Amino acid sequence: MRHSASHVMAEAILSIFPDAKFAIGPAIEDGFYYDFDLPRSLTPDDLPIIEKKMTEIIKTNLPFTHKEITREEAKKLFASQPYKLELLEEITDDKVGIYEQGSFIDLCRGPHVSSTGEIKAFKLTSIAGAYWRGNEKNAMLQRIYGVAFESQKELDEYLTKIEEAKKRDHRKLGKELDLFIIPEEIGGGLVIYTPKGGRIRTVIEDFWRQEHFANGYEILYTPHIGLSKLWEISGHLGFYKENMYSPVTIDEQEYYLKPMNCPFHILAYKSKTRSYRELPLRWAELGTVYRYERSGVLSGLMRVRGFTQDDAHIICTPEQMNSEITEVLRFSLYMLNTFGFKKYKVYLSTRPADAIGERKMWEDAQEALRRVIDGNKLNYVVDEGGGAFYGPKIDIKIEDALGREWQATTIQFDFNLPERFDMVYVGADGKDHRTYMIHRALLGSWERFFGLLIEHYAGAFPVWLSPVQVKIIPVADRHLEHAGKIMAGLKSHGLRVEVDDRSERMNLKIRQAQLEKIPYMLIVGDKEVADNSVSIRRRSGEQLPTQPLANFIETLTAEIANKV
């Protein structure tokens with residue numbers, strides 16, 4: 001149905017712009033798009049006009065008719081459509097498929113619904129630029145996106161979710177809540193955390209370090225650059241160079257910004273002879289890496305050029321694989337649950353055709369991954385052949401408050417780097433044995449995870465993550481001194497608190513604190529000063545009973561300790 005809707009949209013465009021050139025128009029999740037070369041730029045005001053024309057076509061209930069014609073016939077048919085002709089040049093079959101509805105004909109394999117009348121509830125949603133074939137050297141086309149559902153109810157629910165997603169957009173909230181900036185002056189995809197964003201990041205990092213130490217990890221710190229020789233050994237210059245920044249020459253030697261932390265951890269491992277008695281080693285790092293991304297794909301915190309990885313490497317023997325993966329999976333789910341993510345999907349990616357390394361190592365690793373997933377009674381999807389060339393992996397995708405899926409945890413075997421760097425341990429037999437190495441990221445990119453947290457909570461973070469946990473609002477200037485004493489009392493318990501000492505109306509100050517999504521407001525007036533108490537208001541507007549400050553501190557510290 002969605003594919004058919006893209007054809008109807010193309011027919012509508014042709015009726016409005018008779019000289020339009022057509023590229024491709026596939027179905028996508030929840031909807032469809034079509035790329036056009038048009039005589040003028042479209043605006044949002046054009047979308048209702050196109051929708052109206054589409055509705056007229058749908059009402060005619062024209063059948064979708066499939067035909068097979070020769071490539072030569074197709075070239076004549078699409079003689080005025082250069083993008084279709086280019087596609088035809090790449091088709092090696094003698095015959096090609098076309099679909100017709102009314103007077104509109106398109107080069108297409110289908111499938112389609114029987115007739116236009118079977119297209120139900122739809123809406124055009126946006127216009128974007130798109131390079132032909134995704135190559136910036138090609139023509140820039142105009143892409144129109146739309147959605148289509150079986151019923152108006154489903155469409156309305158989807159549009160409501162989209163509106164809510166706009167309100168939760170981390171780029172919008174990041175600016176409103178003063179959490180981060182991405183200034184043009186330093187380049188696209190490079191993030192500066194402002195004080196409030198920095199406070200949240202510090203809270204997360206402190207928790208991350210505390211939990212890693214408690215779970216048997218040691219923490220490494222490694223440089224941001226490395227000699228070209230390192231990246232030659234690792235294979236990055238051979239296979240990943242297009243994603244790396246250009247080298248910097250120092251003392252006639254080339255250095256590269258690191259795209260990954262792995263080689264540095266491996267060198268730490270190889271700094272001395274290792275015995276099987278030392279294994280497993282669990283080494284973690286919040287390592288900032290730099291990868292080149294095209295400017296067109298950069299998107300707030302979700303797609304950046306400089307980001308910090310929640311990175312770790314587990315170096316172990318074959319016998320330790322099962323217990324280590326079990327522990328990583330448990331640790332991962334604990335961390336995700338703590339941050340409020342209770343729904344997730346698990347994916348197991350297995351050996352691809354271009355795999356390197358011994359088949360037995362692959363089979364053992366895959367079986368270990370599968371055993372651990374089954375042992376935890378988790379539902380999972382197997383992506384046969386979907387593993388990286390250097391090892392199988394588990395991916396965990398979390399579901400946010402709007403039901404959207406996001407990549408979070410990755411548990412990835414690597415049979416490539418241990419070979420390249422000749423990583424071994426001395427076994428009980430006194431001989432060298434190849435180590436097993438597992439890459440592991442629980443939360444993924446710090447920037448991306450922060451963006452996800454902003455959208456999941458719509459900026460209203462739980463108390464333990466909120467940059468300001470309490471705002472004290474004096475009713476009048478004569479209450480400022482008492483407000484200062486309350487602030488000192490809260491700070492002595494490690495709470496993050498501010499006083500709004502502006503000479504403004506109390507209601508305005510309350511409204512401002514709500515806009516800043518501060519969890520608690522303490523209103524201080526004559527009664528509170530006299531009773532040495534606090535009047536408590538939540539950011540939701542709920543008014544709590546007036547109580548002694550000590551009671552409030554006890555309640556708040558318990559919330560923070562329980563990560564709520």
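**Exercise 1. Aspartate 30**

Task: Decide whether aspartate 30 is buried, partly exposed or exposed, and describe its backbone.

Solution. The structure is a predicted model.
Step 1. Take the relative accessible area of aspartate 30, which is 24%.
Step 2. Compare it with the cut-offs: buried is under 20%, exposed is over 50%, and partly exposed is in between. Aspartate 30 is therefore partly exposed.
Step 3. Find its place: aspartate 30 sits in the loop between strand 2 (27-28) and strand 3 (31-37).
Step 4. Look at the backbone. Most residues other than glycine have a negative phi. Aspartate 30 is not a glycine, yet its phi is positive, about 75°.

**Exercise 2. Aspartate 178**

Task: Carry out the steps for aspartate 178: where does it lie, what is its phi, and is it buried or exposed, or in between?

Solution.
Step 1. Aspartate 178 belongs to the loop that runs between helix 6 (170-176) and strand 9 (180-181).
Step 2. Its phi is positive, about 55°, although aspartate 178 is not a glycine.
Step 3. The relative accessible area of aspartate 178 is 41%, so it counts as partly exposed.

**Exercise 3. Two cis peptide bonds**

Task: Which residues does each cis peptide bond join, and in which loops are proline 111 and proline 280?

Solution.
Step 1. Recall the background: most peptide bonds are trans.
Step 2. One cis bond joins glycine 110 and proline 111, with omega about 0°. Proline 111 is in the loop between strand 6 (104-107) and strand 7 (121-131).
Step 3. Another cis bond joins leucine 279 and proline 280, with omega about 5°. Proline 280 is in the loop between helix 10 (262-269) and strand 15 (281-290).

**Exercise 4. Aspartate 400 and helix 14**

Task: Describe the surroundings of aspartate 400, then those parts of helix 14 that are covered.

Solution.
Step 1. Aspartate 400 is in the loop between strand 19 (393-399) and strand 20 (405-414).
Step 2. Its relative accessibility is 4%, so aspartate 400 counts as buried.
Step 3. Its side chain makes a polar contact with the side chain of arginine 404, at 2.8 Å.
Step 4. Leaving out residues up to four places away in sequence, aspartate 400 touches Trp406, Leu452 and His456.
Step 5. Leu452 and His456 are among the buried residues of helix 14. This helix covers residues 446-456, and 10 of its 11 residues are buried.
Step 6. Check the two ends of helix 14. At its start, a side-chain oxygen of serine 445 comes within 3.3 Å of the backbone nitrogen of glutamate 447. Just after the helix, alanine 458 has a positive phi of about 55°.

**Exercise 5. Glutamate 205**

Task: Is glutamate 205 buried or exposed, and which residues beyond its sequence neighbours is it in contact with?

Solution.
Step 1. Glutamate 205 is part of helix 7 (residues 195-214).
Step 2. The relative accessible area of glutamate 205 is 13%, so it is buried.
Step 3. Its side chain has a polar contact of 2.7 Å with the side chain of arginine 201.
Step 4. With neighbours within four places in sequence set aside, glutamate 205 is in contact with Leu286 and Trp446. Trp446 is one of the buried residues of helix 14.

**Exercise 6. The span of helix 11**

Task: How does the span of helix 11 compare with the span expected at 1.5 Å a residue?

Solution.
Step 1. Helix 11 has 18 residues, 321-338.
Step 2. The expected span is 1.5 Å times one less than the number of residues. For helix 11 the expected span is 26 Å.
Step 3. From first C-alpha to last, helix 11 reaches 26 Å, close to the expected value.
Step 4. Its buried residues include Met321, Ile325, Phe331 and Leu336.
Step 5. Just after helix 11, glycine 340 has a positive phi of about 95°.

**Exercise 7. Isoleucine 356**

Task: Where does isoleucine 356 lie, and which residues does it touch?

Solution.
Step 1. Isoleucine 356 lies in the loop between strand 17 (344-349) and helix 12 (359-375).
Step 2. The relative accessible area of isoleucine 356 is 28%, so it is partly exposed.
Step 3. Not counting residues up to four places away in sequence, isoleucine 356 touches Trp362, Phe389, Tyr390, Phe415 and Asn416.
Step 4. Leucine 141 is 215 residues from isoleucine 356 in sequence, and their C-alpha atoms are 40 Å apart.

Definitions and conventions. Residues are numbered from 1 along each chain as its sequence is written. This is a predicted model: local features need pLDDT of at least 70, side-chain atom pairs count only at pLDDT 80 or more; totals for chains, interfaces and linings use all residues. Side-chain values use heavy atoms; hydrogens and water are left out. Helices (H or I, at least four residues) and strands (E, at least two) are DSSP runs, numbered from the N terminus. Buried means under 20% relative accessible area, exposed over 50%, partly exposed in between (1.4 Å probe, protein chains only). A polar contact is a pair of N or O atoms within 3.5 Å; within protein, one must be able to donate a hydrogen and the other to accept it, and residues adjacent in sequence count only if both atoms are side-chain atoms. Contact means heavy atoms within 4.5 Å.
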